[in-house]
Amino acid sequence: MKSFIVALFLICFFEHSPLNAQHKGLKALDFFIGEWDITSFSVTPQGQEIPAGKARSRAYYIMDKTAIQDEYRALNPQGDVVFRGISVRSYNPITEKIQVLWIVPGVKAMTDIEAEWIDGDIVTHAEGYDSRGSYLEKLMYYNISDSTYSAKLDRSYDDGKTWIKNFGRFDAKKIQQTETYLFLW
């Protein structure tokens with residue numbers, strides 16, 4: 001009987017623990033794990049999208065699968081890295097939203113992001129800063145599947161009074177599934 005009570009306690013504790021909440025909350029982002037080929041687009045004043053550049057991204061679980069890290073590298077036509085960024089995603093069981101921190105190594109730039117699933121899309125709201133100043137940001141991931149997704153980004157540098165529509169727009173195609181977890185020890 002004592003063994004049964006201990007087992008029941010452990011099951012209940014794990015089921016409601018923050019660690020398990022991370023696993024459950026991040027499970028919805030499993031599609032994101034892998035290496036991605038990304039095409040970015042510029043949008044003309046007439047609304048036409050023109051391919052603007054290429055990038056690569058690699059996403060994998062870290063910290064005992066309680067967070068996802070993703071490394072982003074924009075490439076020039078010769079394939080050289082011209083811009084880098086890194087994000088860490090985790091799940092907040094209290095807000096039931098995904099928290100993301102995006103930084104750009106080597107420059108003063110960071111974005112604090114909160115994301116949630118709405119009608120099959122991932123919708124984010126963020127605050128950050130870069131060389132142009134503080135900004136608000138709205139990013140939406142859509143057309144999500146196991147092998148593709150698209151995203152569009154709007155940004156405001158005047159506290160939301162005006163928005164730069166399509167500040168960023170890209171399509172991603174998975175080029176390979178990677179190890180889902182990076183273990184450093």
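Begin by selecting strands β4 and β5 of this predicted model, which form a hairpin with four residues between them. In the turn, highlight Glu96, whose phi is positive at about 60 degrees. The two strands, β4 and β5 (residues 97-103), pair in the antiparallel sense over seven bridges. To see one position in this pairing, select Tyr91, which stands opposite Ile98 in β5.

Next, keep β4 on display and add β3. Strand β3 (residues 67-75) and strand β4 (residues 81-92) run antiparallel and are joined by eight bridges. Pick Tyr72 and then Gly85, its bridge partner in β4. The hairpin of β3 and β4 has five residues between the strands, and there Gly79 takes a positive phi near 90 degrees.

Now display the charged side chains. The model has 10 salt bridges, and three of them are visited here.

Select Arg73 and Glu71. They form a salt bridge in which the closest N and O atoms are 3.1 Å apart. Arg73 is partly exposed, with a relative accessible area of 33%, whereas Glu71 is at 18% and counts as buried because the limit for that class is under 20%.

Move on to Glu116 and Lys97, whose side chains meet in a salt bridge of 3.8 Å, N to O. This pair links distant parts of the chain: Glu116 lies in strand β6 (residues 110-118) and Lys97 in strand β5, 19 residues apart. Glu116 is partly exposed at 26% relative accessible area, and Lys97 is also classed as partly exposed, at 22%.

The third pair is Asp154 and Lys165, with a salt bridge of 3.7 Å, N to O, between their side chains. Here too, distant parts of the chain are linked: Asp154 is in strand β9, and Lys165 is in strand β10 (residues 164-176), 11 residues apart. Is each partner buried or exposed? Asp154 is buried, with a relative accessible area of 15%, while Lys165 counts as exposed at 55%. Before leaving the charged residues, add Glu114 to the selection: salt bridges that share partners join Lys97, Glu114 and Glu116 into one network.

Finish at Ser156, which is found in strand β9 (residues 148-156). Ser156 counts as buried, at 0% relative accessibility. Show its side chain together with that of Asp158, since a polar contact of 2.8 Å joins the two. Then reveal the surroundings: leaving aside residues up to four places away in sequence, Ser156 touches Ser134, Tyr135, Leu136, Lys161, Thr162 and Trp163.

Conventions. Residues are numbered from 1 along each chain as its sequence is written. This is a predicted model: local features need pLDDT of at least 70, side-chain atom pairs count only at pLDDT 80 or more; totals for chains, interfaces and linings use all residues. Side-chain values use heavy atoms; hydrogens and water are left out. Two strands pair if DSSP finds at least two bridges between them. Buried means under 20% relative accessible area, exposed over 50%, partly exposed in between (1.4 Å probe, protein chains only). A polar contact is a pair of N or O atoms within 3.5 Å; within protein, one must be able to donate a hydrogen and the other to accept it, and residues adjacent in sequence count only if both atoms are side-chain atoms. Contact means heavy atoms within 4.5 Å. A salt bridge is a side-chain nitrogen of Lys or Arg within 4 Å of a carboxyl oxygen of Asp or Glu.
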